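This report describes selected helices, one helix pair and several individual residues of the chain shown below. Please read it alongside the sequence and the coordinates.

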Amino acid sequence: AGMEGSGDASRAVADWRLAVWTLCSVLLPVLITAWCSFQRSRRQLLIRDIFRKSKHDWHYTDLFGQPSYCCVCAQHILRGAFCGCCGLRVSERCLKKADQRFLCKEIVMRGAGGAPSSMPHHWIRGNVPLCSCCMVCKQQCGTQPKLCDYRCVWCQHTVHDECMVDCLRTEDCTFGEFKDLIIPPYYLSTINQMRKEKRTSYEKVVPYCRKHWMPVIVLANTRSGNNMGETLLGEFKMLLNPVQVFDLSKIAPAKALQLCTLLPCNAVRVLVCGGDGTVGWVLDAIDEMKIKGQERYIPQVAILPLGTGNDLSNTLGWGAGYAGEVPVEQILRNVMEADGIKLDRWKVQVTNKGYYNLRKPKVFTMNNYFSIGPDALMALNFHAHREKTPSLFSSRIINKAVYFFYGTKDCLVQECKDLNKKVELELDGERIELPNLEGIIVLNIGYWGGGCRLWEGMGDEPYPLARHDDGLLEVVGVHGSFHCAQIQVKLANPVRLGQAHTVRLILKSSKMPMQVDGEPWAQGPCTVTITHKTRALMLYHSGEQTDDDDASSLSE
């Protein structure tokens, strides 16, 4: 009995030990994971706190795109933080030291007495751009696998460690290749002082008085098309004064464009990074400047196409879509070299039918085109699905694939057939007899539908030239989605209905899809009137047309 009792006790002890070890084996990894998670969260909170209070534009990355070295400890780092304005790179543990030790780009020069007209270089050590050359010896910089050499955050010049002499540290910065586009910090400090003293004669302030100064303002929509806006914001801040670069998801164009009132009249250029909708948004804000009596400050507008269609960008020579293939430096060169042109803008008024209709007419501003029929139906279906699941529509290729799907579907269903029986069309007050159609498109620009020259068609028939600055609209009809597809690949011509200064379209019955510049809606019986509104000052770049040269010359 005694032996059996001792055996039971030893089994109980063994079972207890097994339970303890099992519990430890389960709890220990959980506790370690919880502790690591707590430490990670604490570290992230500290990093976010530094980011929030810092004057640097810090961003965190899990992997740098090129060999990088910490600007504090000089160790090679794979991940860490970088400043989107001055280009500093630092490891997590050195972030606080770097934030306290190094100054970022000054957007306004502080503590400068009088009216300064120059400023010294702002040198940052290490992580210089690949293939950069020393401004002293003209040899390549950044070739050694360590933290070495210097770069000026304003002029972008680089210097070897051994070539850096005291005179370079105090030498005046020239602002480099883009000096005619950059707003210098000393200029803004002088203007601020003059405004406090209620003086508005800026003509003698440097570089206001310089003949070729054409400061650029960058307005980027980080939500457009292929989501490249965030990257572009950082690259433009590196090359320009950060005060010139605005994120339209955080600040409205009307507010950003007030910077123009501090700059020379008729000299400012605005680069809009986004789709045609973003460009329309900016042009509306410029129209508001006219209403406020700021017409002499109105800028010229260039486009970096980030949207899906980009027909306006294509018409003005800026290309059908940007995917990072052109360096930001070349984009700024293109903006400097671009020529000024005018773009007609149109008022689209939609008045609902009915004796008891007390609602005000819907009013739109049109830059590109108005349409009723299959292409508006495709835009409406696309818009509805993008509203439900916006995360799926972050790629230009996916967006175009969805458009193709709805176009193919409409070829089979033909939801817009017999349009000619449902509408009446008047061009400059003259009634037009309509053939059998499914859609009518009113064009202001040369391109339509993501790169198709709709008015020209196959280019085998004589027709009046289409321009975007002649005060005339081109009106065409299409037989359906399949006919649209044939026109896009130059296998068919549109039904050319005419050109006019004023277009009036009456929808007599039923509900039809309509769109203005890609913004679609379903519309019941109404009268649509399109009249000239104003002209916008745009910039034309001659090197990015996607069609053949002959077709390009027709629209200009």
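Helix H7, residues 276-291, comprises 16 residues and reaches 23 Å from its first C-alpha to its last, close to the 22 Å expected at 1.5 Å a residue. The expected span is 1.5 Å times one less than the number of residues in the helix. Helices (H or I, at least four residues) and strands (E, at least two) are DSSP runs, numbered from the N terminus. The model is predicted: local features need pLDDT of at least 70, side-chain atom pairs count only at pLDDT 80 or more, and totals for chains, interfaces and linings use all residues. Residues are numbered from 1 along each chain as its sequence is written, and side-chain values use heavy atoms, with hydrogens and water left out.

The buried residues of H7 include Asp-276, Val-282, Leu-283, Ile-286 and Met-289. Here buried means under 20% relative accessible area, exposed over 50%, and partly exposed in between, with a 1.4 Å probe and protein chains only. Just after H7, Gly-293 adopts a positive phi of about 80°.

Helix H4, residues 185-196, has 12 residues and reaches 17 Å between its first and last C-alpha, close to the 16 Å expected at 1.5 Å a residue. Among its buried residues are Pro-185, Tyr-186, Tyr-187, Ile-191 and Met-194. Just after H4, Lys-198 takes a positive phi of about 60°.

Two packed helices are described by the angle between their axes and the distance between the axes. Helix H5 (residues 229-239) and helix H9 (residues 328-337) pack at an angle of about 70°, with their axes 10 Å apart. The axes are lines fitted to C-alpha atoms, for helices over the stretch in contact, and angles run from 0 to 180 degrees between N-to-C directions. H5 and H9 are therefore roughly perpendicular to each other, a class that covers 65 to 115 degrees, whereas angles under 35 count as roughly parallel, over 145 as roughly antiparallel and the rest as oblique. On the H5 side the contact (heavy atoms within 4.5 Å) is made by Leu-232, Glu-235, Phe-236 and Leu-239, and on the H9 side by Val-328, Glu-329, Ile-331 and Leu-332. By class, the contact of H5 with H9 has 6 nonpolar, no polar and 2 charged residues. Ala, Val, Leu, Ile, Met, Phe, Trp, Tyr, Cys and Pro count as nonpolar, Asp, Glu, Lys and Arg as charged, and the others, Gly among them, as polar.

Leu-232 is also 8.9 Å from Gly-324, C-alpha to C-alpha, although the two are 92 residues apart in sequence. Gly-324 is in the loop between helix H8 (311-315) and H9.

Most residues other than glycine have a negative phi, and most peptide bonds are trans. Two loop residues with a positive phi are tabulated here.

| Residue | Phi | Loop between | Relative accessibility |
|---|---|---|---|
| Ala-74 | near 65° | strand E2 (68-69) and strand E3 (76-77) | 35%, partly exposed |
| Gln-156 | about 65° | strand E7 (150-152) and strand E8 (158-159) | 24%, partly exposed |

Ile-506 lies in strand E21, residues 503-507, and counts as buried at 11% relative accessibility. Not counting residues up to four places away in sequence, Ile-506 touches Lys-353, Lys-422, Val-423, Glu-424, Cys-526 and Thr-527. The C-alpha atoms of Ile-506 and Thr-529 are separated by 8.7 Å, with their positions 23 residues apart along the chain taken as the separation.

Over the whole chain there are 14 helices and 24 strands. Of its 556 residues, 49% count as buried.
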